[in-house]
Structures are given as structure tokens and as C-alpha cells.
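Work through these exercises with the model open beside you. Try each task before you read its solution.

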Amino acid sequence: MRVLASAPAKIILFGEHSVVYGKPAIAAAINLRTYVEAELRDDKKIRIEAHDIKVPGLTVSFSENEIYFESDYGKAAEVLSYVRQAIELAMEEAGVRRGINVSITSQIPVGAGLGSSAAVAVATIGAVSKLLGLELTREEVAKLGHKVELLVQGASSGIDPTVSAIGGFLYYEKGNFEHLPFMELPIVVGYTGSSGSTKELVAMVRRRYESMPELIVPILNAMGKLVEKAREVITSELDEEEKFAKLGELMNINHGLLDALGVSTKKLSELVYAARTAGALGAKITGAGGGGCMYALAPGRQREVATAITIAGGTPMITEISREGLRIEEVMK
Ligand SMILES: Nc1ncnc2c1ncn2[C@@H]1O[C@H](COP(=O)(O)OP(=O)(O)O)[C@@H](O)[C@H]1O
Ligand SMILES: C[C@@](O)(CCOP(=O)(O)O)CC(=O)O
Ligand SMILES: [Mg+2]
């Protein structure tokens, strides 16, 4: 038997990092997906084929007609830790241990702030649990995905696996979510081309929080209040133009606060300012930062903003909200 499942990437519109400290955040699933195919084996082995992951420390040597491959096992194992933990938890949940092959293909850039870690965890849990005969709800998959991130990263708010499993446009706080009214968001995502590790960035913010709580706590509190304001705007009776103007202003404040936490980079800020100069109403980092992506809100100016991001050395992506989260694509007997 074989199962193919997929799960989407996300953008955090407001509240990354502060969400790890129990503040609320707003996020949306977007139409880039990770696909995981799981298949039962006749033996007890677990084989993971990850097509989109560069393994650091792989050495290839040639000697006459022979080719030798060596890999730094520790680093290779670390890169696959989200997938391994996802398989492990799905098996634990099903109460069975079987040999399986897992094959991953993904449209989501890795370490770019678009939640590739959550999408791979959610799609793997979805595929493996279905393969083992378990019917989990999307909420249950989200909770297991959160556990995977906690085990691998040491800290995680759970917002990414929740958005990836549930899909749509969500307000999230301490493990609970509510759907926000669906809005077409005229956004442009700008990818710096470099990556940041969520585990390391969350740990860096934690060190600052511990060494200078008198400065960092007020920043996190301001972020939490800003998210409440954004929710009020999104759920208000204002017309779309007024909503976008207010949300843009809040995005710019949120970017400044993230910069103060230390998670921006020169390139991220260059893309943010290029987008604003080209007419975006707001632009900010999305996700953990340290590289990765920013996004801009640019009603009627998406093409101009995309061009400005390209000129500033980034890669623009015009994306849409994905209403659907985890999807079982195919079950083959
Ligand atoms: N397609 C994939 N196949 C296997 N592992 C993946 C894949 N995509 C992401 N991952 C895992 O997620 C990690 C990146 O997660 P993270 O640092 O949280 O960045 P982000 O979630 O913003 O992309 C990768 O180092 C890898 O361990
Ligand atoms: C920084 C954080 O708020 C979001 C991280 O998102 P990503 O892994 O960079 O896509 C961490 C979390 O919420 O667990
Ligand atoms: Mg992640």
C-alpha cells in the first residue's frame, strides 16, 4: 500500500517570535506544497528519500575507475530529523512499527521562513498515519507536528504546523486557533536566497530575552498588542482600502520590532525598503528571519513591487492563500 499526502507553506503576517512567548499571531497557508509518499516495506527498515535537501559534508572521491562517497553522518541525520521524528510519532500514535519508504518532493524553499519544516512534518505524519490505518483529524496532525518541532528545535509556538495542517487564514494563540474571514491578500513574497535556521534564531532571541528582559519584554508585549490591532482591522467593517492601509502601517511597525530583536539582515531590510519605495503599503520579515523571506502588501502594485525586489537582488513570488491544509492526494492499494 502507498499513500501520497501534501501540506502547504505559510506566511506569518504578524507576530513571529513573540508567538513563542505566548503572544498571539496571524498566519496564512500559501499555495506552495510539500509532497510525501509513504509505502510499506516487507522488512523493518525505514528509508527516507529527500529530493530537495542538500546534505552538508558529502564528499565524493575518484580513484581510477572507482567513485567513493562519504558523508558526515551526524549532519545528514540532523537535516532529516523533522522527517524522522514525524515518522516516529505517527508510528507511536498507531501503536505499530513497520518498515516504510518515505519519499519527499517539495516546492517550498528550505530555511526561508515559509514553514518548510512544518509542511514536511505535517505531510509525513499525514501520509504515514494513513498508511498505518489511522484516521487522524487535521487538528490531531497539527498537535503531532507541533511535537515534532518541539523535539527538533527545542522551542516552537506550534503556529506553523497548525496553519499547514488546517490551511486558510488563522489567528493563533497558545495552541488554539480561530479562522479569520477570508481576504484576498495582494501580497508579494521576496526571497533573499539565503537561509536562516529557526532553531538558531529562536535560541538567539531567547538569549537576548534572558540577558536583557527589561528591553526585550516590552518589545514582545508591543508585538502582541500589534497583533490584536491587526485582528480588529481584519474583522472590522472598514472597506478593503482602509483595511490594507492600516495593516500596512502595522506591518512596518512589526518589521521595526523584529529588527530590534536582531532577526533582520541587511538583505532582508533592503528588500523591505525596495518594496515600500515601489509602492507597497507595508513590508516586513516573515518567519524566523536571519535570511529567508520578507513579504509586502501591495494592492494594485504587485508587479512594480516584484520588479523592485528583483532589482534589489531578491526573488519575488506572487502567492495566494491556500484554503486547504493537509491533503491526502492518493491512496494506492
Ligand atoms: N523537503 C524537505 N525534506 C526534508 N527535510 C526538510 C524539507 N524541508 C524542510 N526540511 C527540514 O526543515 C529544516 C528547515 O526548517 P526551519 O529552520 O524551521 O526553516 P523553515 O521552516 O523556515 O523552512 C531543514 O533543515 C530540514 O531539516
Ligand atoms: C520564529 C517562529 O515564530 C516562526 C518560525 O517560522 P519558520 O520556521 O521560519 O518558517 C517560531 C515559532 O513560532 O515556533
Ligand atoms: Mg520552520
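**Exercise 1.** Find which polar atoms of D160, T198 and G115 lie by an oxygen atom of ligand 2.

*Solution.* This is a predicted model.
Step 1. Start at D160. A polar atom of its side chain sits 3.0 Å from an oxygen atom of ligand 2.
Step 2. Go to T198. Here too a polar side-chain atom is involved, 2.6 Å from an oxygen atom of ligand 2.
Step 3. Now take G115. The atom is a backbone N or O, and its distance to an oxygen atom of ligand 2 is 2.9 Å.
Step 4. Check against the cut-off: a polar contact is a pair of N or O atoms within 3.5 Å.

**Exercise 2.** Is ligand 2 mostly buried or exposed?

*Solution.*
Step 1. Take ligand 2 alone: it exposes 380 Å².
Step 2. Put the protein back. It buries 97% of that area, so ligand 2 is mostly buried.

**Exercise 3.** Describe the shell around ligand 2.

*Solution.*
Step 1. Count the residues around ligand 2: there are 16. The nearest are K10, G115, S157, T198 and A288.
Step 2. Sort the shell by type. It holds six nonpolar, seven polar and three charged residues.
Step 3. Look for the elements. Strand 1 (2-14) and helix 5 (159-166) each give two or more residues.
Step 4. Look for the domains. Domain 1 (2-54 + 81-180 + 322-332) and domain 2 (187-317) each supply at least three residues.

**Exercise 4.** Which backbone atoms lie by the oxygen atoms of ligand 1, and how much of ligand 1 does the protein bury?

*Solution.*
Step 1. Begin with V79. One of its backbone N or O atoms is 2.5 Å from an oxygen atom of ligand 1.
Step 2. Move to G111. Its backbone N or O atom is at 2.7 Å from a ligand 1 oxygen.
Step 3. Add G113. A polar backbone atom there is 2.9 Å from an oxygen atom of ligand 1.
Step 4. Turn to area. Alone, ligand 1 exposes 570 Å², and the protein buries 92% of that.

**Exercise 5.** What makes up the shell around ligand 1?

*Solution.*
Step 1. Count: 19 residues surround ligand 1. V79, G111, G113, S116 and T198 are the closest.
Step 2. Sort them. Nine are nonpolar, ten are polar and none is charged.
Step 3. Name the elements that supply at least two residues each: helix 2 (81-94), strand 6 (100-106) and helix 3 (116-131). Helix 3 gives the largest share, three residues.
Step 4. Assign domains. At least three residues come from domain 1, and at least three from domain 2.

How values were computed
Residues are numbered from 1 along each chain as its sequence is written. Chains are lettered from A and ligands numbered from 1 in the order in which they are written. This is a predicted model: local features need pLDDT of at least 70, side-chain atom pairs count only at pLDDT 80 or more; totals for chains, interfaces and linings use all residues. Side-chain values use heavy atoms; hydrogens and water are left out. A residue is near a molecule or strand if one of its heavy atoms lies within 4 Å of it. A polar contact is a pair of N or O atoms within 3.5 Å; within protein, one must be able to donate a hydrogen and the other to accept it, and residues adjacent in sequence count only if both atoms are side-chain atoms. Accessible areas come from the Shrake-Rupley method with a 1.4 Å probe; for residues, only the protein chains shown count as cover. Helices (H or I, at least four residues) and strands (E, at least two) are DSSP runs, numbered from the N terminus. Ala, Val, Leu, Ile, Met, Phe, Trp, Tyr, Cys and Pro count as nonpolar, Asp, Glu, Lys and Arg as charged, and the others, Gly among them, as polar. Domain bounds come from an automatic or database domain assignment.
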